[in-house]
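Q: I have a model open and want to learn how to read its helices. Can you take me through it?

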Amino acid sequence: MPLPDRKEREVRRMLDGVQPLPPELGERARALGARVDRRRRVLRRCGWLLLLLVVLALVVWALVADPWSTAPPETTPPVSW
Amino acid sequence: MRERRARDERRRAREFDAFVAGAGGRLLHAATLLTGERPGERPGAVPGAQRLLVGALARTYAEWDRMRGGDPYEYTRQQLAARFARAAWRHRRPRGGVLAGLAPQERLVLVLRLYEGVAEEQTAATLGLPVERVRTLATRAMATLLSTPPASGPRPGAVVAEGVT
């Protein structure tokens, strides 16, 4: 067997093992994960709400200001030298 | 709507619990190797590793439903590596574990390559390093590890069995 392989095997053996799991660890992770998830959901909802508000504001402004309907009614005054 | 969400939540918790029950011990051992703490029989023996793993698992739980088809174990492993890399300076002090004599980055490479059996290329991609660098780090770490066997404490391989009566 080549030397590097033997070394690798030996180190692998040194690393091997399983650590006993505290029973509440999963629950802790779940609680933390649920919090992260909730925060993200709230953030996403806020984003959508903001978008909605912006669109709404744009529509209202467009209806009020009517920026595209009428061309400026007057021509520029003649230039007099 | 609310009822469906509650049902989804329960299903997700069930699946997640099964995953942790199956893979948790192995992941916690990997985390323990990373933090360089001395493994112990007593639950709560490795607070640093537990903190690291809880953070990684929390992300896995948050991503659970978006992970359809993906491997939760692999995702958690990646989270673990990323979190450890981010906070590596915290784990520089030797704490009596098998890999305590190595630099944090060497531990990371060794754990991914040899404990987890991740291929060189994938390890490099996970850590954002060139493949040659990963190879160098692994070689150096192995040389250090084999030249200085842990002087005190039980043989690393026997640690888990220790104390079982």
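Q: Is α2(A) largely enclosed or largely in the open?
A: This is a predicted model. To judge a helix, count its buried residues. A residue is buried if 20 or more other C-beta atoms lie within 10 Å of its own. Of the 41 residues of α2(A), four are buried, so the helix lies largely in the open.

Q: Which residues of α2(A) are buried?
A: They are A:Gly26, A:Ala29, A:Arg30 and A:Gly33. Their cover includes α1 (2-35) and α2 of chain B.

Q: What span does α2(A) reach from its first C-alpha to its last?
A: Compare the span with what is expected at 1.5 Å a residue. Helix α2 of chain A runs over residues 25-65 and reaches 60 Å, close to the 60 Å expected. Just after α2(A), look at A:Asp66: its phi is positive, about 50°.

Q: How many residues of chain A are in contact with chain B?
A: Contacts are counted on both sides. Here 25 residues of chain A are in contact with 34 residues of chain B. On the side of chain A that touches chain B, α1 (3-15) and α2 of chain A are the elements that give two or more residues. The most comes from α2(A), with 10 residues. By class, that side has 12 nonpolar, four polar and nine charged residues.

Q: What is the pattern of chain B along the sequence?
A: List the elements in order. Chain B reads α-α-α-α-α-α. That is six helices and zero strands. Of its 165 residues, 36% are buried. Now take its contacts between residues at least 6 apart in sequence: 59% join residues at least 24 apart.

Q: Is α2(B) largely enclosed or largely in the open?
A: Use the burial count again. In α2(B), 13 of the 17 residues are buried, so the rest of the structure largely encloses this helix. Helix α2 of chain B covers residues 47-63 and reaches 24 Å, close to the 24 Å expected at 1.5 Å a residue.

Q: Which residues touch the most other members of the largest nonpolar core?
A: Look for members with many partners. In this core of 43 residues, they are B:Ala31, B:Leu53 and B:Leu80. Two or more residues each come from α1 of chain A and from α1, α2, α3 (72-86), α4 (104-115) and α6 (131-147) of chain B. The largest share, nine residues, is from α2(B).

Q: What is B:Leu53 in contact with?
A: Leave aside its neighbours within four places in sequence. Then B:Leu53 is in contact with A:Leu25, B:Leu27, B:Leu28, B:Ala31 and B:Leu80.

Key
Residues are numbered from 1 along each chain as its sequence is written. Chains are lettered from A and ligands numbered from 1 in the order in which they are written. This is a predicted model: local features need pLDDT of at least 70, side-chain atom pairs count only at pLDDT 80 or more; totals for chains, interfaces and linings use all residues. A residue is buried if 20 or more other C-beta atoms lie within 10 Å of its own, exposed if 12 or fewer, and partly exposed in between; C-beta atoms are placed from the backbone. Two residues are in contact if their C-beta atoms, placed from the backbone, lie within 7 Å. The expected span of a helix is 1.5 Å times one less than its number of residues. Ala, Val, Leu, Ile, Met, Phe, Trp, Tyr, Cys and Pro count as nonpolar, Asp, Glu, Lys and Arg as charged, and the others, Gly among them, as polar. A nonpolar core is a set of buried Ala, Val, Leu, Ile, Met, Phe, Trp, Tyr and Cys residues joined through C-beta atoms within 7 Å.
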